[in-house]
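Open the structure in your viewer and keep the selection panel handy. We will go from one selection to the next.

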Amino acid sequence: MTSILILNGPNLNLLGTRQPEVYGTTTLADIEVSCSNWATDNGCDVSFMQSNHEGALLDAIHAARGVHQGIVLNAGAYTHTSIALMDALASVEIPAIELHLSNVHAREEFRHRSFIAKVAIGLICGFGAHGYLLALDAMKQHIED
Ligand code: CA2
């Protein structure tokens, strides 16, 4: 069965509790339920994880080898800073989609730079929590094509 890993980076555990004008009112737990429902409806396996620690995200990417066929990554602020995450994605050779709730290109200049985009097959941003389902659809299509 097609298996997709969804990885969430720093501060995303706070979703739905602060800055609703930027990130909406949906919690990360709500998003996990939607992704799990999507998995059931689409005959896929979806694993969901969040960490505030760069090393834990790196370990999860390394451990995905031979287990998951695709990675959806909302790396949070590490998107704009982490060469280590970029290198990890490149080294495991698993297709990855960069995901953001907000439209990072309509925000501060420092959010326009992405190390993840350099190794991702594509980027989805600006659609809030629905972006997770868009990313899963896109990844399933990519894997099965
Ligand atoms: O839009 C996104 O999904 C981001 O990845 C969110 C990151 C931000 O650094 C990226 O530039 C874009 C920040 C996540 C912080 O999430 C919070 C949620 C609620 C309250 C406070 C922070």
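Which of the 17 residues around the ligand come nearest? Select the ligand and its surroundings in this predicted model, and you will find that Asn74, His80, Leu101, Ser102 and Arg111 are the ones. Colour the shell by residue class next: 8 of its residues are nonpolar, 7 polar and 2 charged.

**Polar atoms at the ligand**

Now show side chains and pick His80. An N or O atom of the His80 side chain lies 2.7 Å from an oxygen atom of the ligand. Move on to Arg111, where a side-chain N or O atom is 2.9 Å from a ligand oxygen. For Ala77, turn on the backbone instead, since a polar backbone atom of Ala77 is the partner here, 3.3 Å from an oxygen atom of the ligand. Switch to a surface view after that: of the 510 Å² of accessible area that the ligand has on its own, the protein covers 94%.

**The pocket**

Hide the ligand for a moment and look at the space it takes, which is the largest pocket. Its volume is about 380 Å³. Select the lining, and you will have 19 residues, with Pro10, Asn11, Leu12, Tyr23 and Arg111 nearest the centre of the pocket. Arg111 is thus a residue to keep highlighted, as it is also among those that come nearest the ligand. Sorted by class, the lining holds 8 nonpolar, 8 polar and 3 charged residues.

**Two backbone stops**

Stay with Asn11 and display its backbone. Where does Asn11 lie? You will find Asn11 in the loop that runs between β1 (3–8) and α1 (20–23). Its phi is near 75 degrees, a positive value in a residue other than glycine.

For the last stop, select Glu93, in the loop between α4 (83–92) and β4 (96–100). Here too phi is positive in a residue other than glycine, with a value near 55 degrees.

Conventions: Residues are numbered from 1 along each chain as its sequence is written. This is a predicted model: local features need pLDDT of at least 70, side-chain atom pairs count only at pLDDT 80 or more; totals for chains, interfaces and linings use all residues. Side-chain values use heavy atoms; hydrogens and water are left out. A residue is near a molecule or strand if one of its heavy atoms lies within 4 Å of it. A polar contact is a pair of N or O atoms within 3.5 Å; within protein, one must be able to donate a hydrogen and the other to accept it, and residues adjacent in sequence count only if both atoms are side-chain atoms. Accessible areas come from the Shrake-Rupley method with a 1.4 Å probe; for residues, only the protein chains shown count as cover. On a 1 Å grid over the protein atoms alone, a cavity is a set of points where a 1.4 Å probe fits but cannot get out, and a pocket is an open set with protein on both sides within 12 Å along at least five of seven lines; lining residues have an atom within 4 Å of a point. A molecule sits in a cavity or pocket if more than half of its atoms lie within 2 Å of its grid points. Ala, Val, Leu, Ile, Met, Phe, Trp, Tyr, Cys and Pro count as nonpolar, Asp, Glu, Lys and Arg as charged, and the others, Gly among them, as polar. Grid points are joined across faces, edges and corners, and a volume is the space filled by probe spheres set on the points. Helices (H or I, at least four residues) and strands (E, at least two) are DSSP runs, numbered from the N terminus.
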